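Trainee: I've got a model open and I'd like to talk it through with you. Could we go over it together?

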Amino acid sequence: MSFFNAGTTSTTTAAPAEKDIEVPEAPTDSISSLSFSPAADYLAVGSWDNNVRLYEVGAGGQTQGKAMYSHQGPVLSVCWNKEGNKVISGGADNAARMFDITNGQSQQVAQHDAPVKVVKWIETPQGGILATGSWDKTVKYWDMRTPSPIATVQLPERCYSMDVQYPLMVVATAERHIQIFNLSNPNTAYKTLASPLKWQTRVVSCFTNSTNSGFAVGSVEGRVAIQYVEEKDSSNNFSFKCHRKDQTPNAKDQSLVYAVNDISFHPVHGTFSTCGSDGTIHFWDKDARTRLKTFEAAPGPISATTFNRNGTIFAYAVSYDWSKGHSGMTPGHPNKLMLHACKDDEVKRRPKK
């Protein structure tokens, strides 16, 4: 509220915040994953409608559909190679596929015995490697030139989430196991720990632009943990509640608790976003332990988020996430792909208190 000219007409009020832009021709079923190219503003979108769609995002946020290719089951994860000329996707058809944007061809590049939950590109000094994490309780590494994996790592349980910030790779599985890998020795876990959160892990995401390596964990119980890899930094570990609501407006019981569906770190500033089944998105600064921004609640759960390569665009999906099971899948449920232009004060770190 402005105190100035309080009695005058509404012409003096601040202009409304720039509205986020909806991407036309969005997928026809829930959106599972989003990934921007590291080379240009191309956005890959995986959906439960079995397709991966590629959109080009223009300077003003206008988008154009560029390509689409299919799996034989829902797509669960998408990523790009370092050059930004190939998209890799993993699906419920137990396969990973690679799409070459230069010639429009797609081919299978990985095979598991159960759905491929996560695909991640690893840029090593020796070249690019694809890592695939599956519900068959393995992570496999592929160099794409041969039909067999270079190596297979047995996990304690089904892979639910995985992230890479070379040389760190973190894998989160069912039953709250977390395995930390140093990719200079990719076949054995550097550390195995139980999640610092008491409930099922939904997402794990590695810090960007951080002097000390670590990761964030989000659970189904409206909570996020910030976890450092090395023992010397463990005094900085903490967790916080988010994506919760009070049942009645003034009660402080916060009895409505929602899943944290995705965590995305800003590529430049190292701040991060969380999104949840409650339809909200927040930006946070882990070092100052502050909330930087809260988005207006969307008309449905936020299923996936990502920043573009320089952190000027934040993409998010409003999609049913099955958090209420089959009964929540009502006709006319929103399925939208949105773009938000990031302002500096929303994503820049705050000075520590």
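Mentor: Sure. One bit of vocabulary before we start: two strands count as paired if DSSP finds at least two bridges between them. Keep in mind too that this is a predicted model.

Trainee: Then let's use that right away. Over how many bridges do E11 and strand E12 pair?

Mentor: Strand E12 covers residues 138-142, and its pairing with E11 is antiparallel. One pair to look at is Ala131, which stands opposite Tyr141 in E12. The threshold is at least two bridges, and E11 and E12 have 4 bridges.

Trainee: Which residue in the turn between E11 and E12 has a positive phi?

Mentor: E11 and E12 make a hairpin, with 3 residues between them. In that turn, a phi of about 70 degrees belongs to Lys137.

Trainee: What about the other side of the pairing story: how many residues lie between E10 and E11 in their hairpin?

Mentor: Strand E10 (residues 116-124) runs antiparallel to E11, and 8 bridges join them. Val118, for instance, has Gly133 in E11 as its bridge partner. The hairpin they form has a turn of 2 residues.

Trainee: Why is strand E11 described as largely enclosed by the rest of the structure?

Mentor: Count a residue as buried when its relative accessible area is under 20%. Strand E11 spans residues 127-134, and it is largely enclosed because the buried residues number 6 of the 8.

Trainee: Now the largest nonpolar core. Which strand gives the most residues to this core?

Mentor: The core has 16 residues, and those touching the most other members are Ile122, Val139, Tyr141, Met162, Met169 and Val171. At least two residues each come from E10, E11, E12, strand E13 (151-154), strand E14 (159-165) and strand E15 (168-173). The top contributor, with 3 residues, is E14.

Trainee: Which residues is Val171 in contact with, leaving aside neighbours within four places in sequence?

Mentor: Val171 is one of the core members that touch the most others. Its contacts include Met162 and Val139, which are on that list as well. The full set is Val139, Leu155, Cys159, Ser161, Met162, His177, Ile178, Gln179 and Phe181.

Trainee: How many disulfides does a search of the whole structure find?

Mentor: Take Cys79: its closest cysteine sulfur is in Cys159, 13 Å away, which is too far for a bond. Cys242 isn't in a disulfide either, as the nearest cysteine sulfur, in Cys275, is 10.0 Å away. The search of the whole structure gives 0.

Trainee: Is Cys242 buried or exposed?

Mentor: The cut-off for buried is under 20% relative accessible area. Cys79 meets that at 6%. At 5% relative accessibility, Cys242 is buried.

Trainee: On to the sheets. Which strands stand at the edges of the sheet with the order E24-E25-E26-E27?

Mentor: That sheet is open, with 4 strands and antiparallel pairing. An edge strand has a single partner, so one side of it has no neighbour in the sheet. The two that fit are strand E24 (260-265) and strand E27 (290-294).

Trainee: What is the bridge partner of Val260 in E25?

Mentor: E24 is joined by 5 bridges to strand E25 (residues 272-276), and the two run antiparallel. Across from Val260 in E25 you'll find Gly276.

Trainee: There's another sheet, E6-E7-E8-E9. By how many degrees are its neighbouring strands turned against each other on average?

Mentor: This one is also open and antiparallel, with 4 strands. Strand E6 (75-80) and strand E9 (105-111) are its edges, each pairing on one side only. Inside it, strand E7 (residues 86-91) and strand E8 (residues 95-100) pair over 5 bridges, with Lys86 partnered by Asp100. Ignoring direction, the average turn between neighbouring strands is 25 degrees.

Trainee: Last one: over which residues does pLDDT stay under 50?

Mentor: Overall the chain has a mean pLDDT of 93, and 94% of its residues reach 70 or more. Where pLDDT is low, don't read the predicted coordinates in detail. The stretch under 50, with 1 contact beyond four places in sequence, is residues 1-16.

Key
Residues are numbered from 1 along each chain as its sequence is written. This is a predicted model: local features need pLDDT of at least 70, side-chain atom pairs count only at pLDDT 80 or more; totals for chains, interfaces and linings use all residues. Side-chain values use heavy atoms; hydrogens and water are left out. pLDDT is the predictor's confidence in each residue, from 0 to 100. Contact means heavy atoms within 4.5 Å. Buried means under 20% relative accessible area, exposed over 50%, partly exposed in between (1.4 Å probe, protein chains only). A nonpolar core is a set of buried Ala, Val, Leu, Ile, Met, Phe, Trp, Tyr and Cys residues joined through side-chain atoms within 4.5 Å. A disulfide is a pair of cysteine sulfur atoms within 2.5 Å. Axes are lines fitted to C-alpha atoms, for helices over the stretch in contact, and angles run from 0 to 180 degrees between N-to-C directions.
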